Amino acid sequence: MMDDLRELYQEVIFDHNRNPRNFHVMENANRTVEGFNPLCGDRLTLYLNVQADIIEDASFQGSGCAISTASVSLMTEMVKGMTEQEAQNMFKIFQKITTGKDDDVKLEELGKLQVLAGVKDYPARVKCATLAWHTLDAAIKNEEKSVSTE
Ligand code: ZN
């Protein structure tokens with residue numbers, strides 16, 4: 001990756017970490033799942049309001065490192081208005097990108113999540129970046145109330 005691009009990505013991550021989007025408890029959530037990454041200590045509670053199969057609203061609370069906070073902030077912005085299927089497809093693409101198994105994935109498909117693609121070079125941070133998405137996946141499946149990356 002070119003250095004100036006990397007800098008731009010870092011700026012986006014810093015921005016979302018300093019000013020997380022959708023950072024609040026959701027009173028009318030109909031899905032609430034807690035996510036925990038013991039390796040780093042990242043904790044979050046994800047709130048969704050799902051109507052039919054559309055994610056009408058998404059928000060979160062919690063505390064974690066810059067990568068995990070930026071990732072969940074970006075995710076809540078991105079999945080609003082998506083169907084559950086679309087959100088799960090995005091999770092699969094994101095997983096491929098962050099684990100380097102991305103031969104068949106175009107970066108454009110990731111939209112804003114591209115800023116997190118660099119974590120594949122830092123294996124210890126991959127779980128920080130994917131915690132939000134594992135939590136979302138559990139919320140969509142609506143089976144578990146908490147998930148852990150370990
Ligand atoms: Zn972390």
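How many residues does helix 4 have, and how far does helix 4 reach from its first C-alpha to its last? In this predicted model, helix 4 covers residues 123–141, which makes 19 residues. Its end-to-end reach is 27 Å, close to the 27 Å expected at 1.5 Å a residue. Helix 4 is nonetheless bent, by about 45° at Thr130. Just after the helix, Asn142 adopts a positive phi of about 60°.

Helix 4 also contributes to the largest nonpolar core, which has 42 residues. Val79, Trp133 and Leu136 have the most contacts inside this core. At least two core residues come from each of helix 1 (3–18), strand 2, strand 3, helix 2, helix 3 (84–98) and helix 4. Helix 4 supplies the largest share, 10 residues. In soluble globular proteins, nonpolar side chains tend to be buried together. Leu136 touches Leu46, Leu48, Met75, Val79 and Ala87, leaving aside residues up to four places away in sequence.

The zinc ion is a separate topic. Its protein donors are the SG atoms of Cys40, Cys65 and Cys128, together with Asp42, listed twice through OD. These donors lie 2.2 to 2.6 Å from the zinc ion. The donor residues follow the spacing C-x1-D-x22-C-x62-C in sequence. Asp42 belongs to strand 2 (residues 42–51), whereas Cys65 sits in the loop between strand 3 (54–63) and helix 2 (66–79), so this pair ties together parts that are 23 residues apart in sequence. Asp42 and Cys65 are both buried.

Conventions: Residues are numbered from 1 along each chain as its sequence is written. This is a predicted model: local features need pLDDT of at least 70, side-chain atom pairs count only at pLDDT 80 or more; totals for chains, interfaces and linings use all residues. Side-chain values use heavy atoms; hydrogens and water are left out. Donors are N, O and S atoms within 2.8 Å of the metal (3.2 Å for Na, K and Ca); water is not among the atoms, so sites may look incomplete. Helices (H or I, at least four residues) and strands (E, at least two) are DSSP runs, numbered from the N terminus. Buried means under 20% relative accessible area, exposed over 50%, partly exposed in between (1.4 Å probe, protein chains only). The expected span of a helix is 1.5 Å times one less than its number of residues. The bend at a residue is the angle between axes fitted to the seven residues ending there and the seven starting there. A nonpolar core is a set of buried Ala, Val, Leu, Ile, Met, Phe, Trp, Tyr and Cys residues joined through side-chain atoms within 4.5 Å. Contact means heavy atoms within 4.5 Å.
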